[in-house]
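Please work through the exercises below with the sequence and the model side by side, and try each task before reading its solution.

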Amino acid sequence: MRNQLSLQIGLLFFVVIVTVELILFSILYTNLVNDRVDEVMGDLLARGNTHRDVLQENYTSTTLDHVAIMESESDFIAVITDQEGSVITSSNAIAPEINTVIDHTDEENIPDEGIILESDWADEKYVATDSPIIMDGTHIGHVFMFADSNDIKEIISNLGRQFLFIGLVTVILTIITVMVLSRVITQPLVRMKEATEALNGGTHEVALSTDRKDELGELATAITRLSQDLKRVKNERNEFLASISHELRTPLTYLKGYADIIGRQNVAEEDRARYIRIIQEETAHLSGLVQGLFELAKIDQNEFAIEKEKIVFYDLIQKVVERIYPAVEEGEIEFSYNCPDDVVIAVDPERIQQVLLNILDNAIKYTPRGNPVHLEVFQDDSEVLIVISDSGEGIAEEDLKYIFERLYRAEKSRSRSKGGSGLGLTIAKEIVALHNGSMEVESNIGEGTRFKITLPKEDAHEEGAVD
Ligand SMILES: Nc1ncnc2c1ncn2[C@@H]1O[C@H](COP(=O)(O)OP(=O)(O)OP(=O)(O)O)[C@@H](O)[C@H]1O
Ligand SMILES: [Mg+2]
């Protein structure tokens, strides 16, 4: 069934082209046959008229005989009659069919220029013309000319043979053209089908020729791009799964280890309390990680609901500040913020708080004691800009492009002291994107990091829930 499409296209082409050819050929054939017959009949009449002219010049028995003798050598038969139709002389023996024609001719009503009496070459044995001999205005006799219909049939069948030959050649050429054409059209499609089957079967990347500038070329490019995307997605998934297993294994090892120790008889009370605290911390870390993964999964499946409402942005900032205050105190950070109180914007307040908390949490985590962290809100007619800058250790150039990726953490030791899972910024960026906003970061090692979040005031597309 591989070439079913090319077969279908080929058959369709073939039927259409052959039908058109058949119609054109039959029209041409009929016209040619009619022309040839007209030509033969015209010649026959002209020949009879010539004899008649000679006889009109010189109507003697010698001339009559002369005409008869002349035609006896030709393919034609000349019969000369008097005005009543009685035969005076003829070039050949008169067949009964010839007599029938002469008998049925109304000699009185033949026009001076002659007439074609019988042109039915298909059914009659002879075709015939009549040229009246006129002397002083009256018909004194007739020159009948006959030609054997078989001669015309011969000409026609010759023509037919030529047509058959040309027709056959045309059909063969048509078949070749159709085969080549349908292959040219379907070959790329068949190759694309094979490529998609290969993708289905697990091949990661397929290479299709994308040289064509038409729709087929575009399709091939699209499939190639799709296969590259598929490969990337598969790789990402594998890497992601590997990172998750790694992220889960570490806390689980801690949990198991400390739980085992607590289970022993001879553990001092203060050690037991310390181990329980570690277990609590690890459990919190684990559930944070699972929560983050769960949120990301929802974002991936477009099930992450954003419920926007118009709020005074200052109120939201207040809440965020309240919530990070314990961390600010604990880290002895010089925290300051500035937000105009007339900023009104439609956002999902919970989600935007989550974004700001995450970035502030990072800023506080990575800023040494006594150093400043600052939050500033700006607005213009269409946008609100939130800038969070810290004076911490900064992010290296090579890490900067990855920090929004899942589970990415810049500090290679993945130290537990900072305790992150590497999902915070990924989720934050997704949430901002769901608000049709954007998020940028700039950082200098040793100087600090600056996150800029832009949120549109009015959603250009729609207001309300986005899911
Ligand atoms: N203000 C900052 N200064 C220095 N490094 C930062 C800063 N913000 C983020 N990073 C780096 O980017 C990484 C990713 O940040 P992200 O918030 O996504 O994860 P996390 O804070 O490690 O974990 P989570 O937020 O999920 O608890 C961090 O691990 C850290 O290495
Ligand atoms: Mg974080």
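The exercises that follow treat the ligand first and then several single residues.

The model is predicted, so local features need pLDDT of at least 70 and side-chain atom pairs count only at pLDDT 80 or more, while totals for chains, interfaces and linings use all residues. Residues are numbered from 1 along each chain as its sequence is written, chains are lettered from A and ligands numbered from 1 in the order in which they are written, and side-chain values use heavy atoms, with hydrogens and water left out.

**Exercise 1. The shell around ligand 1**

Task: Find how many residues surround ligand 1, and which are the closest.

Solution: Begin with the criterion, by which a residue is near a molecule if one of its heavy atoms lies within 4 Å of it. Ligand 1 is surrounded by 20 residues, and the closest are Asn362, Asp390, Ala410, Ser421 and Leu425. Next, sort the shell by class: it has eight nonpolar, eight polar and four charged residues, where Ala, Val, Leu, Ile, Met, Phe, Trp, Tyr, Cys and Pro count as nonpolar, Asp, Glu, Lys and Arg as charged, and the others, Gly among them, as polar.

**Exercise 2. Where ligand 1 sits and what it touches**

Task: Decide which pocket holds ligand 1, and which elements give two or more residues to its shell.

Solution: Ligand 1 sits in the largest pocket. A pocket here is an open set of points on a 1 Å grid over the protein atoms alone, where a 1.4 Å probe fits, with protein on both sides within 12 Å along at least five of seven lines, and a molecule sits in it if more than half of its atoms lie within 2 Å of its grid points. The elements that give two or more residues to the shell are α8 (349–365) and α10 (424–434), and α8 gives the most, with four residues. Helices (H or I, at least four residues) and strands (E, at least two) are DSSP runs, numbered from the N terminus.

Now turn to the polar contacts, meaning pairs of N or O atoms within 3.5 Å. An oxygen atom of ligand 1 lies 3.2 Å from a polar side-chain atom of Asn358. For Lys365, a side-chain N or O atom is 3.1 Å from an oxygen atom of ligand 1, and for Tyr366 the corresponding distance is 3.4 Å. As a last step, consider cover: taken alone, ligand 1 exposes 590 Å², and the protein buries 94% of that, with areas from the Shrake-Rupley method and a 1.4 Å probe.

**Exercise 3. Two asparagines with positive phi**

Task: Place Asn302 and Asn436 in the chain, and say whether each is exposed or partly exposed.

Solution: Asn302 has a positive phi of about 60° although it is not a glycine, and its place is in the loop between α6 (269–300) and β6 (309–312). Asn436 also has a positive phi of about 60° without being a glycine, and this residue is found in the loop between α10 and β11 (438–444). For accessibility, buried means under 20% relative accessible area, exposed over 50%, and partly exposed in between (1.4 Å probe, protein chains only). Asn302 counts as exposed because its relative accessibility is 56%, and Asn436 counts as partly exposed because its value is 37%.

**Exercise 4. Sequence distance and spatial distance**

Task: How far apart, in sequence and in space, are Thr105 and Val328?

Solution: First locate Thr105, which is found in the loop between α3 (96–103) and β3 (115–118) and counts as buried because its relative accessibility is 9%. Then take the pair: Thr105 and Val328 are 223 residues apart in sequence and 130 Å apart in space, C-alpha to C-alpha.

Note on methods:
A polar contact is a pair of N or O atoms within 3.5 Å; within protein, one must be able to donate a hydrogen and the other to accept it, and residues adjacent in sequence count only if both atoms are side-chain atoms. On a 1 Å grid over the protein atoms alone, a cavity is a set of points where a 1.4 Å probe fits but cannot get out, and a pocket is an open set with protein on both sides within 12 Å along at least five of seven lines; lining residues have an atom within 4 Å of a point.
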